[in-house]
Amino acid sequence: MENADPSLLPSIIFTTAAQLVDCVDKKLLVVLRDGRKLIGILRSFDQYANLVLQDTIERIIVDAMYSDIERGVYIVRGENVVLVGEIDPEKEDRIPLKEVSLDEIYAAQQNEIDNHRRRELTKNSKLIDIGFFIDSQQEDMY
């Protein structure tokens with residue numbers, strides 16, 4: 001690699017967590033492995049993509065409704081990050097969702113969980129009837 005073109009070096013170096021340099025001090029959406037969605041200002045990160053978010057809110061979205069929970073300063077372990085995206089400040093207020101109270105969103109979220117469980121039980125029952133083995137693990141433990 002002695003004769004490598006020096007202009008290629010930065011693109012090789014910045015292919016990992018260092019890509020976040022441009023996102024520091026910007027508002028980001030971070031989707032976590034467990035499905036939570038965090039919105040906050042990126043203040044710091046490290047080589048493992050561990051993130052420090054300031055003025056963080058957790059946004060709960062169910063169907064066409066959402067509600068926000070203030071979380072303040074939030075530290076996210078990099079292995080839990082699924083997606084990071086910058087929020088466009090000009091489009092931020094044009095959310096095609098209806099804001100509802102926390103009580104309403106929790107009720108809708110519980111209803112969604114109950115419906116999902118019922119569908120899974122029905123599906124698993126049908127699969128067992130035709131000879132499939134269903135793993136009893138409820139969550140993906142990795």
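Q: Hi! Is D68 buried, exposed or partly exposed?
A: D68 is partly exposed, at a relative accessible area of 24%. Buried means under 20% relative accessible area, exposed over 50%, and partly exposed in between (1.4 Å probe, protein chains only). This is a predicted model: local features need pLDDT of at least 70, side-chain atom pairs count only at pLDDT 80 or more, and totals for chains, interfaces and linings use all residues. Residues are numbered from 1 along each chain as its sequence is written, and side-chain values use heavy atoms, leaving out hydrogens and water.

Q: Cool, which residue forms a salt bridge with D68?
A: That's R59, with the closest N and O atoms 2.7 Å apart. A salt bridge here is a side-chain nitrogen of Lys or Arg within 4 Å of a carboxyl oxygen of Asp or Glu. R59 is buried, with a relative accessible area of 16%.

Q: How many salt bridges are there?
A: The count comes to eight. One of them joins K26 and E86, whose closest N and O atoms are 4.0 Å apart. K26 sits in the loop between helix 1 (9–13) and strand 1 (27–32) and E86 in strand 5, so the pair ties together parts 60 residues apart in sequence.

Q: What counts as a helix or a strand?
A: Both are DSSP runs numbered from the N terminus: helices are H or I with at least four residues, strands E with at least two.

Q: And what order do the strands of the sheet have?
A: The open sheet of six strands runs 5-1-2-3-4-6, with mixed pairing. Two strands pair if DSSP finds at least two bridges between them.
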